[in-house]
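Open your viewer, keep the selection box handy, and follow along stop by stop. Each stop suggests something to pick and then describes what is there.

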There are 2 protein chains.
Amino acid sequence: MSPVLRLPPAARAVVAGDRRALARLISAVEDRDPAAVASLKALYARTGRARIIGITGPLGVGKSTLINRLIELLRARGLKVGVVAIDPSSPFSGGSVLGDRIRIEKAQGDDGVFLRSMASRGHAGGVASATREVCRLLDAFGMDIILVETVGSGQVDVEIRDIASTSIVVLVPHLGDEVQTLKAGLFEIAEVFCVNKSDLPGAETATRDLSELAALGTDRDGWRPTVVPVSAQAGTGVETLWAAVEAHETFLNADGRRDRGERRRLAEEVVGLVRERVGRELTGSMDRDRDMGSLLDRVAARAIDPHSAADRLYRELRRSG
Amino acid sequence: MSPVLRLPPAARAVVAGDRRALARLISAVEDRDPAAVASLKALYARTGRARIIGITGPLGVGKSTLINRLIELLRARGLKVGVVAIDPSSPFSGGSVLGDRIRIEKAQGDDGVFLRSMASRGHAGGVASATREVCRLLDAFGMDIILVETVGSGQVDVEIRDIASTSIVVLVPHLGDEVQTLKAGLFEIAEVFCVNKSDLPGAETATRDLSELAALGTDRDGWRPTVVPVSAQAGTGVETLWAAVEAHETFLNADGRRDRGERRRLAEEVVGLVRERVGRELTGSMDRDRDMGSLLDRVAARAIDPHSAADRLYRELRRSG
């Protein structure tokens, strides 16, 4: 681990527990500020301790209330909690709608909680990459548990699953069309299923139906999904839900599963960073370089197809090193 | 344009109007079958004629009914219609839930219509890349208009916007949380807004509110969004909606806007293909190459950070050409 004094000032402030420095560094990461990359590099050795838990589900199932309850529970156990909310409303605006109001009340004035909402688009390199790095900053900042909240109806939540070690899907008793999806293989979706609003009619049936589906398979590690009825509003079932998360975390610790998963995720991350850099350099050279520009003109004129143009660019990339 | 006889057999069958060959080639494209790439390369010179129109909006706003109406209208005008539905239910399953049932009834037994639903994940290179190529196949097959349907609450619909020349967002009178998003800049979201279910209370207000927002700005081309009330169920407003799409298409034809947009999209596509190839090659070499494997071990041991490892891989990529 690098000595604190050799860290860039922004990174040093984060390690020292400066919340405003953390918030600024997160913004810099979102903007792909080169200075942020220096801090990320320097802080990497101080990460790997926090557990990242994904929480996903459609709008309106009560994810925010549940997160409030989990923060309560985790704080009562003396754990520091970071929350990263990937904001689904903002793919278009680039801003963060949910950031405008405080939905997570438990966080008010508690130094052991840090909240951040992030736009789900506009990140060079993608939201998954930005989220992964924001989680690292929260990890280096000293958070024990990082909850990553996404709205589950698209690509983003799947990408986030690759960052979290345990994923919770939150559902409500009346699943509707969701059931079709779930039948396709519960174990591919999450390790823990939370049937929220368990005081509503149909909750028992939904829990039983899901449990039956869960009995049909396991994920690639051999984990069979857990189904937990919860009423986040009333505060019931939350302890059982967290126990299910802990059971999966314990399962990961056995037989080198966590290390294998971590290595796989790191491989994807490193390759992703190289891809991103190749993209940046090529896009830049298309504007600057005359040969590149005329290659593109020929593609537009349909004199050469995009795949063949890409083959040529790839060869030139490897030749010009 | 390459002579038909020099096309790969699969591509030749598509040009000849063989629907089953088209369906097979689309599947091959989705699977990134190398043989499909050969067909795509060969068919590229026969593309560029079809207009690709994006149709996005939340679940339950009546997109399918609207698409049925648009098919009716376009067929009555003698236009051939392709529909690509990006299926939001399938990010987890890899299969296509909607594919199981026919939602678009107008297509039954009509040679001038071709439907395809695609999973929104599991495509090497991403759903946008696969969708773009499927649209090219439909274009080469002779479709005049290609409607690309997505569920609007995430990343996918934004990516699809980069493929379509005109995008329609479908909304219902009670916008709820959507309004916050829309305020952020209507013109960033779509060129045409369809307020569906215009027979419901609140439709006039919603149309007026949206029109007021639309008056506030234009997109980068200078287009001001159009707002059209529609009742897809009753079949009213659909002609006006299509007229709005045509107005935008006409707008694009002026002042070289379409060509500039096309060139920008092609640049992104070509760069994306190179990135994808770099990713494939590096992922492969991480498994095969001992030096690569040990680099990854050092990242996992936190002896080197992912950014520095990526820098090294990038240098090696360029040296080893």
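Two strands count as paired here if DSSP finds at least two bridges between them. Helices and strands themselves are DSSP runs (H or I over at least four residues for a helix, E over at least two for a strand), numbered from the N terminus. This is a predicted model, in which local features need pLDDT of at least 70, side-chain atom pairs count only at pLDDT 80 or more, and totals for chains, interfaces and linings use all residues. Residues are numbered from 1 along each chain as its sequence is written, while chains are lettered from A and ligands numbered from 1 in the order in which they are written.

**Stop 1: a strand in chain B**

Select residues 145–151 of chain B, which form strand β4. Which strands pair with β4(B)? Strand β2 (residues 81–87) of chain B is joined to β4(B) by 5 bridges, and the two run parallel. Strand β1 (residues 51–57) of chain B also runs parallel to β4(B), with 7 bridges between them. To see individual partners, pick Ala85(B), which stands opposite Glu149(B), and then Gly57(B), whose bridge partner is Val151(B).

Now look at burial. A residue is buried if 20 or more other C-beta atoms lie within 10 Å of its own, exposed if 12 or fewer, and partly exposed in between, with C-beta atoms placed from the backbone. In β4(B), 7 of the 7 residues are buried, so the strand is largely enclosed by the rest of the structure. In a regular strand the side chains alternate between the two faces of the sheet. Colour Ile145(B), Leu147(B), Glu149(B) and Val151(B) for one side, then Ile146(B), Val148(B) and Thr150(B) for the other: both faces are covered.

**Stop 2: helix α8 of chain B**

Next, select residues 203–214 of chain B, the 12 residues of helix α8. The expected span of a helix is 1.5 Å times one less than its number of residues. For α8(B) that gives 16 Å, and the end C-alpha atoms are 16 Å apart, which agrees.

Which residues of α8(B) are buried? They are Ala206(B), Thr207(B) and Leu210(B). Look down the helix axis: these buried residues fall within an arc of 100° (taken from the directions from the axis to the C-beta atoms), so they line one face of α8(B). They pack against β6 (192–195) and β7 (226–229) of chain B. On the other side of the helix, Glu204(B) and Glu212(B) are exposed.

Step on to Thr218(B), in the loop between α8 and β7 of chain B. With 13 C-beta neighbours inside 10 Å, Thr218(B) counts as partly exposed. Leaving aside residues up to four places away in sequence, Thr218(B) touches Phe187(B), Trp223(B) and Arg224(B); a contact means C-beta atoms, placed from the backbone, within 7 Å.

**Stop 3: the domains of chain A**

Switch to chain A, which has 12 helices and 7 strands. Of its 321 residues, 48% are buried. Colour chain A by domain: the assignment gives domain 1 (1–46), domain 2 (47–255) and domain 3 (263–319), with bounds from an automatic or database domain assignment. The contact between domains 1 and 2 of chain A takes 14 residues from domain 1 and 15 residues from domain 2. On the domain 1 side, the elements giving two or more residues are α1 (9–15), α2 (19–30) and α3 (34–43) of chain A. Of these, α2(A) gives the most, with 6 residues.

**Stop 4: helix α4 of chain A**

Select residues 63–76 of chain A for the 14 residues of helix α4, which should span 20 Å and do, end C-alpha to end C-alpha. Its buried residues include Leu66(A), Ile67(A), Leu70(A) and Leu74(A). After α4(A) comes Gly78(A), with a positive phi near 80°.

**Stop 5: two unusual backbone angles**

Most residues other than glycine have a negative phi, and most peptide bonds are trans. Pick Asp255(A), whose phi is positive, near 55°. Asp255(A) sits in the loop between α9 (238–253) and α10 of chain A, and it is exposed, with 11 other C-beta atoms within 10 Å.

Finish at Arg32(B), which is not a glycine yet has a positive phi of about 55°. Arg32(B) lies in the loop between α2 (19–30) and α3 (34–43) of chain B. Is Arg32(B) buried or partly exposed? With 16 C-beta neighbours inside 10 Å, Arg32(B) counts as partly exposed.

Methods: Two residues are in contact if their C-beta atoms, placed from the backbone, lie within 7 Å.
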